[in-house]
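Me: Hi! I'm new to this one, could you walk me through it?
Reply: Happy to. Let's bring it up and take it topic by topic.

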Amino acid sequence: MAAMVEWLPWFGSAVASAIFLWSMVQNHVPDTLRLYLATLAAKITAYINPYLEITISENRAERFQRSELFIAVEAYLSDACARGARRLKAELGKDSKNIQVSVDDHEGVTDDFSGAKLWWYASKQQSKANVISFYPGEDERRFYRVVFHKRHHDLVIDSYLPFILGEGRNVTVKNRQRCLFTNNANNSWSPYRAKKSVWSHIPFEHPATFDTLAMDPKQKEAIIDDLMAFQKSKEYYAKVGKAWKRGYLLYGPPGTGKSTMIAAMANFLDYDVYDLELTAIKNNTELRKLFIETTGKSIIVIEDIDCSLDLTGKRRKEKKAAGDKDSDDNDKAKLPMEPEKDDETKVTLSGLLNFIDGLWSACGGERIIIFTTNHKEKLDPALIRRGRMDKHIEMSYCRFESFKVLAKNYLDIVGHGLFSEIQKLLEETNMSPADVAENLMPMSKKKKRDPDVCLAGLIEVLKQAKEDAAAAKAKEEEEAKEAEAKNAKDKKEGEAKKDEGKDKIMEEANGDLKQGDE
Ligand SMILES: Nc1ncnc2c1ncn2[C@@H]1O[C@H](COP(=O)(O)OP(=O)(O)OP(=O)(O)O)[C@@H](O)[C@H]1O
């Protein structure tokens, strides 16, 4: 300690002399020599200093645009190394819910990679004075700098930085606000892109999951397995030379959970959802444009495809043949298979097929395409053949296994004395999960969600539905019988008339013969 105290005055005067000397150099040495001295000093330092550094700049080439590598580094450091930092900064994420913590400016963190130690440092610098800034902080350029020993040069360039890019992208995807996009509102303005977008979007916040989806457990498990296999199959798709996409056809009566299934899939995969409204698209070119502007990790949905367009490709020709005057009006929402004169202003079936598996379907990866319909039989087989719609999923009426999921979701019960009666009734009645769920919800806010009351109410509704179905069936049978009887009567009368006519002709013929004989 005493020795240190002795050295302090000497050290202080040495620093003071260096500063004085440097100011002398600044004042009296010409610029060229000063530059030479600075370069020399840098060379000597580089010779002595075994450490290298790489700077990753925020590099906003366009307003609102940041370098992808910078974003990846930021995400990676926040996720993997922020715990080691002493100064962090917290911001509200894009979803305005989650708080995102990252390393603060002028703060350093360390990282280890394959035995190499790396020091990261976050900082910012003022941009050139002649740049006019319109937004607060716009004149600042942030950057990350990584310092490492020069023996790790190749490791850092060839392995570490690509690793950071991959990991950072994964973290960004995990933290991003997922969106529901629609092409319905044209000329929309996206705040993140600062240009006209063909899609408009809102945050995707549907709460459905596979746990809350009421359907046969085996069928559900098969779908989950299929989705997981798809997600892990990037290399496989590349190996077999196919675009990394999968098509699902969801079909079944209304209220059986087709839309709920899409939401559950999106939440399971962590994907965005693009809800494609075909009737709002002018022509194939616009369809292509929309598709090209979708991103990877997304589900593209065309709901009620049988209603939005005529996908059989036959109707127009039939109508034309029949000379139907209204066909042009109706065809606005219909898809002819054969190209015709005004196809440039319409979406065609071939356009849609190209959309699913044409060349542009290969741009970007990881896309799921889903069609929903209440009438599978109405669709053109070409549209739903395996390879285009790889998996056909039937969403059916509520049976006991599905009911148990709903009872757990809505009433928090896994068993009840009334379950066996409900099971029997569900086997005998075709009721959609939507209708069953409706009966498991309390009727008014004042009433408590009492399982006894709700289940007893459901039994009444199921009994009523069963009676109504029986009455409807009896009526149908009665009408069928009546129609049959009428047909038989008409046939009999027709035959009788025919016989009468024959007799008359015979009589007249006989009369003519008699007259001839006479
Ligand atoms: N299988 C299900 N599991 C859980 N909830 C369901 C299920 N089916 C329907 N529901 C409930 O009923 C509501 C309507 O269902 P949904 O819109 O998913 O049916 P859909 O088959 O898409 O109907 P549509 O053919 O009329 O569009 C949902 O919000 C959900 O609460």
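**Confidence first**

Reply: This is a predicted model, and the chain has an average pLDDT of 79, with 76% of the residues scoring at least 70.

Me: Which helix has the highest mean pLDDT, and which the lowest?
Reply: H7 comes out highest among the elements of the chain, at 96, while helix H11 (residues 327–330) is lowest, at 40.

Me: And where does pLDDT stay under 50?
Reply: One such stretch is residues 312–343, for which the model still has 32 contacts beyond four places in sequence.

Me: What ipTM and pTM does the predictor give the complex?
Reply: The ipTM is 0.98 and the pTM is 0.69.

Me: OK, on to the ligand. How many residues surround it, and which are closest?
Reply: There are 16 around the ligand, and the closest are Ala214, Pro254, Gly257, Pro433 and Ala434.

Me: What kinds of residues make up that shell?
Reply: The shell has 8 nonpolar residues, 7 polar ones and 1 charged.

Me: Which domains and helices do they come from?
Reply: Domain 2 (181–394) and domain 3 (400–487) each give at least three residues to the shell. As for helices, H7 (258–269) and H16 (433–440) each provide at least two.

Me: Switching topic: what's in the largest nonpolar core?
Reply: That core has 60 residues, and the ones touching the most other members are Ile262, Val273, Ile299, Val301 and Ile370. H7 gives the largest share, with 6 residues. Domain 2 (181–394) and domain 3 (400–487) each supply at least three residues to this core.

Me: What does Ile299 touch?
Reply: Setting aside residues up to four places away in sequence, Ile299 touches Ile262, Met265, Ala266, Tyr271, Val273, Tyr274, Ile368 and Ile370.

Me: How many residues are in the second core?
Reply: The second core, separate from the other, has 18 residues, among them Ile56, Ala75, Val103 and Trp120.

Me: One last residue: where is Ile459?
Reply: Ile459 sits in helix H17, which covers residues 451–517.

Me: Why does Ile459 count as partly exposed?
Reply: Because Ile459 has 15 C-beta neighbours inside 10 Å, and partly exposed covers counts between the exposed cut-off of 12 or fewer and the buried cut-off of 20 or more.

Me: What is Ile459 in contact with?
Reply: Beyond its neighbours within four places in sequence, Ile459 contacts Leu418, Glu421, Ile422 and Leu425. The C-alpha atoms of Ile459 and Gln423 are 9.9 Å apart, and these two residues are separated by 36 residues along the chain.

Conventions:
Residues numbered from 1 in each chain as written. Predicted model: local features only at pLDDT ≥ 70, side-chain atom pairs only at ≥ 80, totals over all residues. Near = placed C-beta within 6 Å. Helix = DSSP H or I, 4+ residues; strand = E, 2+ residues; numbered from the N terminus. Nonpolar A, V, L, I, M, F, W, Y, C, P; charged D, E, K, R; others polar. Domains from an automatic or database assignment. Core = buried A, V, L, I, M, F, W, Y, C linked by C-beta atoms within 7 Å. Contact = placed C-beta atoms within 7 Å. pLDDT = per-residue confidence, 0-100.
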